[in-house]
Amino acid sequence: VRALARGISQVEEGVPQAIALLQSIFPRTGNATVVGLTGSPGSGKSTLVDRLIATYREQGHRVGVVAVDPSSAFSGGAILGDRVRMQSHATDADVFIRSMATRGFLGGLARATNDSIDLMDVAGYDPILVETVGVGQDEVEVVKTADVVVVVLVPGMGDDIQAIKAGILEIADLFVINKADRPGADRLEAELQYMLALAENPERPRPRILTTVATENRGVTELRDEIQTHLQSPGGGQREARRRERARARLLTVLSDRLMERALRGPLAGEALDELVEEIASRNTDPYSAAERILDQLLGGGPTARTEDT
Ligand SMILES: Nc1nc2c(ncn2[C@@H]2O[C@H](COP(=O)(O)OP(=O)(O)O)[C@@H](O)[C@H]2O)c(=O)[nH]1
Ligand SMILES: [Mg+2]
């Protein structure tokens, strides 16, 4: 557990050892099922995750959790909140919970999250639950390549249907209407059914809608079972396609990071970056020509690129 925690810290910091670590474990990854849960802040995701952990533990699974919350970068409060809500598992060695800040990772949040998932996977945690707030490009990117995506909605929040329109509808495999103890759950379900009917896609089964009351542990076992059913549905619930999509996104992210890193250590090292910035600011060159020149030096085997290679 300590080695895993240390590995994830290295991955978050993006230190050079982290790359060697990730390279060495990669062949043994890909076993864990990744379950993404997304929804508005306060919709009850952490509470739901806490209860899901308990039902998975009953089945003997070792459970990993990556909790991602953008507000935590500003306050630290959300991280504490997630810890408190998942406190019941704090002393269980077969439950590994990691809260991540969402800003400031080299290569972005998706990179750090996927790398952390790999580490948990190789440490034998399965399933791995990923909780993210369903707003913002980064957060959607994190969750959309999970093996199954659960979108959590709550009644009585006018902006939920808005959030669905903003791109959540397409990535959901299952909808959960949490806080069904509050008024408006039926109406929300009807609205959602209507929208799903409009957006019917012959390639994909229409997402099922479940209702839960996480605080009272209602509907949670059903959710766990429905996740399983989805994964075992024909085509594995698109599992292979999702995994290819995740592989593609990861390769492109890593490649762009590495290119940038090489540029900063090579053609842009020392004063070179500032000098180019000055040239652009004074309109002696433009950003596109400057970037082309850097790429030529990096890829065209210029003197700096050669030094890099050795
Ligand atoms: N009434 C009610 N409150 C809930 C339910 N699930 C969670 N909550 C409460 O909603 C608040 C936010 O929950 P949290 O799990 O932190 O939401 P998150 O921001 O989506 O992770 C907490 O005060 C929970 O106790 C539910 O099913 N019914
Ligand atoms: Mg939360």
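In this predicted model, the largest pocket has a volume of about 900 Å³. Its lining is made of 34 residues. Closest to the centre of the pocket are F26, D115, D118, R250 and V254. Three elements give two or more residues each to this lining: α2 (16-25), α6 (108-122) and α11. Of these, α11 provides the largest share, with eleven residues. By character, the lining of the largest pocket divides into 16 nonpolar residues, eleven charged residues and seven polar residues.

Helix α11 also contributes to a feature of the surface. A nonpolar patch is formed there by L251, L252, L255, L259, L295 and L299. Together, these leucines have about 560 Å² of accessible area. Two helices each supply at least two residues of the patch: α11, which spans 239-265, and α13, which spans 287-299. The largest share of the patch comes from α11, with four residues.

One member of the patch, L295, is found in helix α13. The relative accessible area of L295 is 35%. L295 therefore counts as partly exposed, because this class lies between the limits of 20% for buried and 50% for exposed residues. Patch residues must have over 30% relative accessible area, and the 35% of L295 satisfies that cut-off.

Helix α11 thus recurs in both features. It gives the largest share of the pocket lining, eleven residues, and the largest share of the nonpolar patch, four residues.

Notes
Residues numbered from 1 in each chain as written. Chains lettered and ligands numbered in written order. Predicted model: local features only at pLDDT ≥ 70, side-chain atom pairs only at ≥ 80, totals over all residues. Heavy atoms only, no water. Patch = residues over 30% accessible without salt bridge, like charges linked within 9 Å, V, L, I, M, F, W, Y side chains within 5 Å. Areas by Shrake-Rupley, 256 points an atom, 1.4 Å probe, with all protein chains shown as cover. Salt bridge = Lys/Arg side-chain N within 4 Å of Asp/Glu carboxyl O. Buried < 20%, exposed > 50% of the residue type's maximum accessible area, 1.4 Å probe, protein only. 1 Å grid on protein atoms, 1.4 Å probe; cavity = no way out; pocket = protein on both sides within 12 Å on 5 of 7 lines; lining within 4 Å. Points joined across faces, edges and corners; volume = space filled by probe spheres on them. Nonpolar A, V, L, I, M, F, W, Y, C, P; charged D, E, K, R; others polar.
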